[in-house]
Structures are given as structure tokens and as C-alpha cells.
Amino acid sequence: MWTRIRLTLEMIKFEHSIFALPFALTGALLAIRDGGLAGDLLWRKIVWIVVAMVCARSAAMAFNRLIDADIDARNPRTKLRHIPAGLLSTSFSWGFVAVSSLIFIFASRELNILCFRLAPVALGVIFAYSFTKRFTSFSHLVLGFALGIAPAAAWIAIRGSLDARILWLTAAVTFWTAGFDIIYSCQDFEFDSDAGLFSLPRRLGIAGALRVSRFLHAIMLACLLALVYTLQLGALSLAGIAVVAALLIYEHWLVKPDDLSRVNAAFFTMNGYVSVLFFLFWAADIFYASRF
């Protein structure tokens, strides 16, 4: 059992929870900054937000591996993934999806009634992404939205209602994720073309897709600036945006239409830095403002 759990965590790349979690925590901190929260209740909320986020992502990733198992088996890049390689059974993987989903729903219930009511909707959004590459080239944006709802969900978890201002952060995460997913999908340009799957690299070519990726990341930065203005954040938040911009510029410098050898560095390493450093700068801004 423990071996299968370890293999499942490898399959879903559990460590990549760091991509969306810092943005969710930023949404929570912004909600606390806006309305305050007592100390004991604060830590309880943060713990359940983390549990909900990790379980939702785990369920979504395992679901995606199950739905794409037949495709992964035909793709030279992914044929050694755990399910097509026979390291994990589909029955165990479905059980993991079910347990992760139930824990997510329970965590949502512990947060507040609105989170509990919206939990099935959130699961529907994150599960729906797995089917989109079969019929639309804009699957990258669907994936982006699946991660983008995290900060809005965290705001709801803290405040019990949605404030339209936090949707700027939802938009920023949506465009950021879509941009780096386009970069990652360039690796499968030939396979997607042969298999009849949909992606922007297949539709526009690798060079065209990379231009769209740069454009989406520029929109992300604009959304973050709009959020700073809307919530009247300080200089540290602006510094965080500058750091994110520098990291994204470097990310795009790493990947060329005729050289995809550093896609993994651009996708995994740089975007991990983006999410963590963004959170650190914005958290510092929020805590600094709360002291003065």
C-alpha cells in the first residue's frame, strides 16, 4: 500500500503543488488584510485551505493520468508514466481520485458553507480540463482557469463570500498557467499532430505558440498591476511583480522554436521560483502594511 501511494505521488508530481498553492495563500492573505481574522481561527483556516488545495490538485492530476492513459501509452515522451507502464493499476488510481475528492469536499465543509456548496463545481472544472485537448486548442486556458480559481476560492474560504477584486489574481494565474503550459506542450507538437489532438503549438506552430505564450504572460503582469491598484498594495508588491517579470523573461529566453532542450528548466524550475517569490514579496507587503 505504501509503495503504491509513493508511486501515486510520483505520478501526480506531488511536489508541483507549489505552482498553485502560493497563489491560493496570497488570496487568503489578501482576504485577511481586507477584513481581518482572529489568530486561532486564522491558522485553522490556513490549514484547511492547504488541505483542500493539495487534495483538489492531487485528484485532478490522478484523474488526468487515468483519462490520458491510452494517449500516454502511444506518446514516446509519456509511455513510461506509471499507468501505461503498469506500475499502478487503474482501480487503485480511481480509488485515489475518490479519496482525494472526498477529503477536498470535507475540507471545504470545514471552511464554510459557501466553499462546501461550490466544492462540486470546483471539481467539475478541474476534471473537465482532461477532456479539452480532444476538441479545443484553448485547453491551455482551461488548465489556467482550473488553477486560477484557487486564490478566489481561498478568499471565499476566509471571507465567506466572493469579492470581484480578487478576480484580478484569478485572471493573472489563469494567463500565467496557460502561458507556461503552451511552452510545455511544444514538446508534443509532432505527436499531437499525428494523434489529432488539439494544442496551440499544433495550430500555430511552435514559433507562433511561443509568441502567444509571451503575450499571455504580459497580460498576467498587467492583471497583477491592476490588483495592486485595486487593493492599494505597496512597494513590495510592485517589487514582486518586477521579480516575476524578470523570471518570465528568462523563462522565455530559455526556450527557442528550434531548441526545446531546456523546456523542463523553463517549465518546472522557473515557474516554481515565480510562485514562491511572488508569494514572499506579497506576503511581506501585507504583513508590513498590517504593522503600520
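**Figure 1. Phe131, Phe135 and Phe198 form a nonpolar patch of about 290 Å² on the surface.** This close-up, like the others below, comes from a predicted model. One member of the patch, phenylalanine 131, belongs to helix 6, which covers residues 113–132. With a relative accessibility of 36%, phenylalanine 131 is partly exposed.

**Figure 2. Aspartate 34 and arginine 165 join their side chains in a salt bridge.** Here is a pairing to look for in the model: side chains of opposite charge can pair when their charged atoms come close. The salt bridge between aspartate 34 and arginine 165 has an N to O distance of 2.9 Å. The two partners come from distant parts of the chain, 131 residues apart. Aspartate 34 sits in helix 2 (residues 21–35), while arginine 165 sits in the loop between helix 7 (139–159) and helix 8 (167–185). Both count as partly exposed: aspartate 34 has a relative accessible area of 37%, and arginine 165 has 26%.

**Figure 3. Glutamate 110 and arginine 44 meet in a salt bridge between two helices.** The distance from N to O in this pair is 2.8 Å. Glutamate 110 belongs to helix 5 (residues 90–111) and arginine 44 to helix 3 (residues 39–67), so the salt bridge ties together parts of the chain that lie 66 residues apart in sequence. Is glutamate 110 buried or exposed? Glutamate 110 is buried, because its relative accessible area of 19% falls under the 20% cut-off. Its partner, arginine 44, is partly exposed at 36%.

**Figure 4. Aspartate 72 and arginine 81 form a salt bridge with both residues buried.** The N to O distance in this pair is 3.3 Å. Aspartate 72 has a relative accessible area of 5%, and arginine 81 has 19%. Elsewhere in the model, salt bridges with shared partners connect Asp34, Asp163 and Arg165 into one network. By the rule used here, the model has nine salt bridges.

**Figure 5. Aspartate 181 is buried but has no salt bridge.** You can find this residue in helix 8. Which side chain of opposite charge is nearest to aspartate 181? That side chain belongs to lysine 133, and it is 7.6 Å away. Setting aside neighbours within four places in sequence, aspartate 181 is in contact with Tyr129, His140 and Leu143.

**Figure 6. Helix 1 has its buried residues along one face.** The helix runs over residues 2–11, and its buried residues are Leu7, Thr8 and Met11. Viewed down the axis of helix 1, these residues fall within an arc of 105°, so they line one face of the helix. A handy rule helps here: an α-helix has 3.6 residues a turn, so residues three or four places apart point the same way. Just after helix 1 comes lysine 13, with a positive phi of about 50°.

**Figure 7. Phenylalanine 281 is a partly exposed residue of helix 12.** This helix spans residues 263–291. The relative accessible area of phenylalanine 281 is 24%. Which residues does phenylalanine 281 touch, not counting those up to four places away in sequence? They are Leu236, Ala239, Gly240 and Val243. For another landmark, find isoleucine 241, which is 40 residues from phenylalanine 281 along the chain. The C-alpha atoms of phenylalanine 281 and isoleucine 241 are separated by 8.6 Å.

How values were computed
Residues are numbered from 1 along each chain as its sequence is written. This is a predicted model: local features need pLDDT of at least 70, side-chain atom pairs count only at pLDDT 80 or more; totals for chains, interfaces and linings use all residues. Side-chain values use heavy atoms; hydrogens and water are left out. Helices (H or I, at least four residues) and strands (E, at least two) are DSSP runs, numbered from the N terminus. Buried means under 20% relative accessible area, exposed over 50%, partly exposed in between (1.4 Å probe, protein chains only). Contact means heavy atoms within 4.5 Å. A salt bridge is a side-chain nitrogen of Lys or Arg within 4 Å of a carboxyl oxygen of Asp or Glu. Patches are made of residues with over 30% relative accessible area and no salt bridge: like charges are joined within 9 Å, nonpolar side chains (Val, Leu, Ile, Met, Phe, Trp, Tyr) within 5 Å. Accessible areas come from the Shrake-Rupley method with a 1.4 Å probe; for residues, only the protein chains shown count as cover. Lys and Arg count as positive and Asp and Glu as negative; His and the chain ends are not counted. The arc is that of the directions from the helix axis to the C-beta atoms.
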